[in-house]
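Okay, thanks for coming, everyone. Let me put the structure up and then walk you through a pocket and a patch.

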Amino acid sequence: GMEPADAIISATKTAAELWRWNDHLGTLEIGKIADIISTKENPLDDISALKRVSFVMKDGVVYKKIF
């Protein structure tokens with residue numbers, strides 16, 4: 001029942017806040033740990049786009065790159 005943006009925020013920012021880790025992760029900010037994914041489609045238009053990841057970066061290292 002959530003909007004896609006709310007679901008993404010809940011899984012990232014809100015989860016980090018609940019665990020009190022928000023000073024280290026949960027949002028993309030300088031000095032925070034960030035694992036980044038990319039999709040070809042906009043997950044705000046279709047949340048299932050998050051199942052079709054084209055790029056994964058963890059700690060600055062690319063682990064998956066599909067174009």
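Quick word on naming before we start: helices and strands here are DSSP runs, at least four residues for a helix and at least two for a strand, and they're numbered from the N terminus. Also, keep in mind that this is a predicted model.

So, the patch. Leu 18, Trp 19 and Trp 21 together make a nonpolar surface patch of about 440 Å². Where does Trp 19 sit? It's in the loop between α1 and β1. Leu 18, on the other hand, belongs to helix α1.

Are these two buried or exposed? The cut-off for exposed is over 50% relative accessible area. Trp 19 comes out at 60%, so it counts as exposed. Leu 18 has a relative accessible area of 70%, so that one is exposed as well. And if you want a sense of distance, the C-alpha atoms of Leu 18 and Met 2 are 18 Å apart, with their positions 16 residues apart along the chain.

Now over to the largest pocket. How much space lies in it? About 540 Å³. Its lining is made of 18 residues, and the ones nearest the centre are Ile 8, Thr 12, Asp 35, Ile 36 and Ile 37. As for elements, the ones giving two or more residues to that lining are α1, running 4–18, and β1, running 35–39.

What about the chemistry of the lining? For the largest pocket, the split is 12 nonpolar residues, five polar and one charged.

Okay, over to you folks.

Conventions: Residues numbered from 1 in each chain as written. Predicted model: local features only at pLDDT ≥ 70, side-chain atom pairs only at ≥ 80, totals over all residues. Heavy atoms only, no water. 1 Å grid on protein atoms, 1.4 Å probe; cavity = no way out; pocket = protein on both sides within 12 Å on 5 of 7 lines; lining within 4 Å. Points joined across faces, edges and corners; volume = space filled by probe spheres on them. Nonpolar A, V, L, I, M, F, W, Y, C, P; charged D, E, K, R; others polar. Patch = residues over 30% accessible without salt bridge, like charges linked within 9 Å, V, L, I, M, F, W, Y side chains within 5 Å. Areas by Shrake-Rupley, 256 points an atom, 1.4 Å probe, with all protein chains shown as cover. Salt bridge = Lys/Arg side-chain N within 4 Å of Asp/Glu carboxyl O. Buried < 20%, exposed > 50% of the residue type's maximum accessible area, 1.4 Å probe, protein only.
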